[in-house]
Protein chains: 2
Amino acid sequence: MSAYKVADAKNLIKLDAMENPYCWPEAIQQQWLETLKNSAINRYPDPEARILCDALRNSNRLPEESALLLGNGSDEIIQILLMALPQNASVIAPEPSFVMYKQIAQSLGLNYRGIPLLSDSFDLDLPAMLANINELQPALIFLAYPNNPTGNLFDAQAIKTIIASAPGLVVIDEAYAPFADSSFIDSLSDYNNLLVMRTVSKLGLAGLRLGYLIGPIALLEQLHKLRLPYNINCLTQVTAAFALNNADFLRQQTENIRQERSLVFNALQAIANIKPYSSSANFILFKTLGASADHVFNSLKQQGVLIKNLSRQGGVLENCLRVTVGKPEENQAFLKALQAALMLN
Amino acid sequence: MSAYKVADAKNLIKLDAMENPYCWPEAIQQQWLETLKNSAINRYPDPEARILCDALRNSNRLPEESALLLGNGSDEIIQILLMALPQNASVIAPEPSFVMYKQIAQSLGLNYRGIPLLSDSFDLDLPAMLANINELQPALIFLAYPNNPTGNLFDAQAIKTIIASAPGLVVIDEAYAPFADSSFIDSLSDYNNLLVMRTVSKLGLAGLRLGYLIGPIALLEQLHKLRLPYNINCLTQVTAAFALNNADFLRQQTENIRQERSLVFNALQAIANIKPYSSSANFILFKTLGASADHVFNSLKQQGVLIKNLSRQGGVLENCLRVTVGKPEENQAFLKALQAALMLN
């Protein structure tokens, strides 16, 4: 087992980590700093983060009969979920998907199995999913919706079939919800084994490390027993609540990113030997058909643009790269560098 | 198993949680808010928290050849340490001590055993510790120094004997170091199985949830594999580094608390039927000899002062209460309420 490595992005245009590239408007920043003046850094934070939970309920329009669990990023929520399972439990996720499902499951000694996505559409292989559910009787299934790193929304009907067939919990990871037009939050009341996981990271608050899980009250009560009591610090509580209660600027930023996503996608489609995949997230996966992805990645980096090289994961991701949608000028710099990389090939 | 309960302290004088009662001087607060303006909330935090680690190294004068691991409070560090152990490992701690050792060890299914402290001095029962080490061959031993909730420093020679006898790791939890005159940081280089855990909570930054572990480089490298990569959010990183690099005001606050500790201790000693225990921390444990601790606790609460009732843990803590040292006026209010509680008995 090796530690999770994070690329050093000093002085590069950073399009590798699905971050919102925009800063806060100055008036909002001033208001935020005023709010922070009242935060008691010397006191332990509210262990139940009640004000923040109210803000999350409002901004996500959560059903009354659901409960919330907060974590330091989705990472901690994944860890809590997996720590709650018996030692011999099985966990299933499609692959490729968010790497922490596998990483944390294996670090806890659980039996993890990745089920390959269909290679052309990156959609779920429903027969394979159902066969593995039947064989392994997994205690937990992760489904990222939209999926990372492929960017697509899996077929909703297939997901519903999986939820209905699962003997254990199904966690729909909606980290990229701000960029998608579909969600399972409204389906929560239809199932007793469905949980929806979200984060404020992609909305523009990645620095705060705040993820949250939404699901049935009785179930979350059990998970809360494994949560460390003061896990969300006071500054994250105050800042996230402030941002969610003043979210117009974040929604505007999100809308800008969506528009840029279309422009970048169209530009990528117009480049010979580049195959972009349609995305419901704030990034675009693309395949280099004529050149090796390693070459393109390194050339981009040399030109000052950092994206994510997924090619070494192999399988359906061979020669695949992932670019986060940035500011217009960043996207233009990326596209220009990409064309130069392909010409230099 | 039940979730960790936290008392509601609304409108009460809060002397239950070992918090530093002082706010930040206005000039410091202004400087801090200026610093925050440059923090990129939209970006993921530095996964290695390098600037903060430098500040921690300087402020603790850490030996060059030691490494650091940061966590969301000591709680997360305890969790990482315990997750690193094999499933059938044993863990030992004296009792009573910090409750999270037992709570997290048991939640992970490890074999935890508490070894009672000597009932009169609250010091280590060294023969019992050594016998249990020999029997259980524990992978990990926790020793809080000073100990919570008793406030004393265990005999340093006994601790050294335990470190030398332990087949696994020994973690010295120095959460209360700002109020003690003794530490094992300078002993780190003498042992390859010794780790020192600290936190910024008692120094006055409880809201930030920042704990840290200091130990041998090769050992911490292994623990880092279990750390979630972005576990320390950007605001905690920036704020803790700022506070540590401008720590004169915190040191002054700490000094005030130490002086108040003497005054409160002497006042408690002068009250009939109250037996206070000498403390190297920012709290004082005391026993109610003539009245039940439950009665005293409830009466104090009714009078607007919240302390911690430890009596229900039984054993050596029967009829014991723990009061955090607060501001002079808070301590006076506590002492006055205590005398009233004893008279009402």
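Leaving aside neighbours within four places in sequence, A:Pro116 is in contact (heavy atoms within 4.5 Å) with A:Glu95 and A:Asp125. The structure is a predicted model, in which local features need pLDDT of at least 70, side-chain atom pairs count only at pLDDT 80 or more, and totals for chains, interfaces and linings use all residues. Residues are numbered from 1 along each chain as its sequence is written, chains are lettered from A and ligands numbered from 1 in the order in which they are written, and side-chain values use heavy atoms, with hydrogens and water left out.

A:Pro116 belongs to strand β4 (residues 111-116) of chain A. Helices (H or I, at least four residues) and strands (E, at least two) are DSSP runs, numbered from the N terminus. The relative accessible area of A:Pro116 is 55%, so the residue is exposed. Buried means under 20% relative accessible area, exposed over 50%, and partly exposed in between (1.4 Å probe, protein chains only). A:Glu95 is 21 residues from A:Pro116 along the chain, yet their C-alpha atoms are separated by 4.8 Å.

A:Glu95 also takes part in a cis peptide bond, to A:Pro96, with omega near 0°. A:Pro96 sits in the loop between β3 (90-95) and α4 (99-107) of chain A. In chain B, the bond from B:Glu95 to B:Pro96 is cis as well, with omega near 5°. B:Pro96 is placed in the loop between β3 (90-95) and α4 (99-107) of chain B. Most residues other than glycine have a negative phi, and most peptide bonds are trans.

Positive phi values were found at two further sites. A:Asn319 is not a glycine, but its phi is about 60°. This residue lies in the loop between β12 (308-309) and β13 (320-324) of chain A. With a relative accessible area of 24%, A:Asn319 is partly exposed. B:Arg61 has a positive phi near 45°. Its place is the loop between α2 (50-60) and β2 (66-72) of chain B. B:Arg61 counts as exposed, at 71% relative accessibility.

A loop residue of the opposite kind is A:Ser187, buried with a relative accessible area of 9%. A:Ser187 is located between β6 (169-173) and β7 (194-199) of chain A. Beyond its neighbours within four places in sequence, A:Ser187 is in contact with A:Lys160 and A:Leu194.

The two chains were then compared. Chain B is superposed on chain A by a rotation of 180° with 0.0 Å of shift along its axis (RMSD 0.0 Å). That is the relation of a two-fold axis. The superposition is by least squares on the C-alpha atoms of residues with pLDDT of at least 70 in both copies. Of the interface residues of chain B, 100% are also interface residues in chain A, so the copies meet through the same surface.

Within chain A, the domain assignment gives domain 1 (13-18 + 249-340) and domain 2 (39-245). Such bounds come from an automatic or database domain assignment. The C-alpha centres of the two domains of chain A lie 26 Å apart. Their contact takes 20 residues from domain 1 and 24 residues from domain 2 of chain A.

Aromatic pairs number 20 over all chains. Rings of Phe, Tyr and Trp (its six-membered ring) pair if their centres lie within 6.5 Å; planes under 30 degrees apart count as stacked, over 60 as edge-to-face and the rest as tilted. The rings of A:Tyr44 and A:Tyr230 have centres 4.9 Å apart and planes at 40°, so this pair is tilted. The pair links distant parts of the chain, 186 residues apart. A:Tyr44 is in the loop between α1 (26-36) and α2 (50-60), and A:Tyr230 in the loop between α8 (217-224) and α9 (234-245) of chain A. Both tyrosines, A:Tyr44 and A:Tyr230, are buried. B:Trp24 and B:Trp32 form another tilted pair, 5.4 Å centre to centre with 55° between the planes. B:Trp24 is buried at 12% relative accessibility, and B:Trp32 is buried at 1%. In chain A, one aromatic cluster is formed by A:Trp24, A:Trp32, A:Phe242 and A:Phe249.

No disulfide was found: the count over all chains is 0. A disulfide is a pair of cysteine sulfur atoms within 2.5 Å. The sulfur of A:Cys23 has its closest cysteine sulfur in B:Cys234, 12 Å away and too far for a bond. A:Cys23 is exposed, at 58% relative accessible area, whereas B:Cys234 is buried, at 8%.
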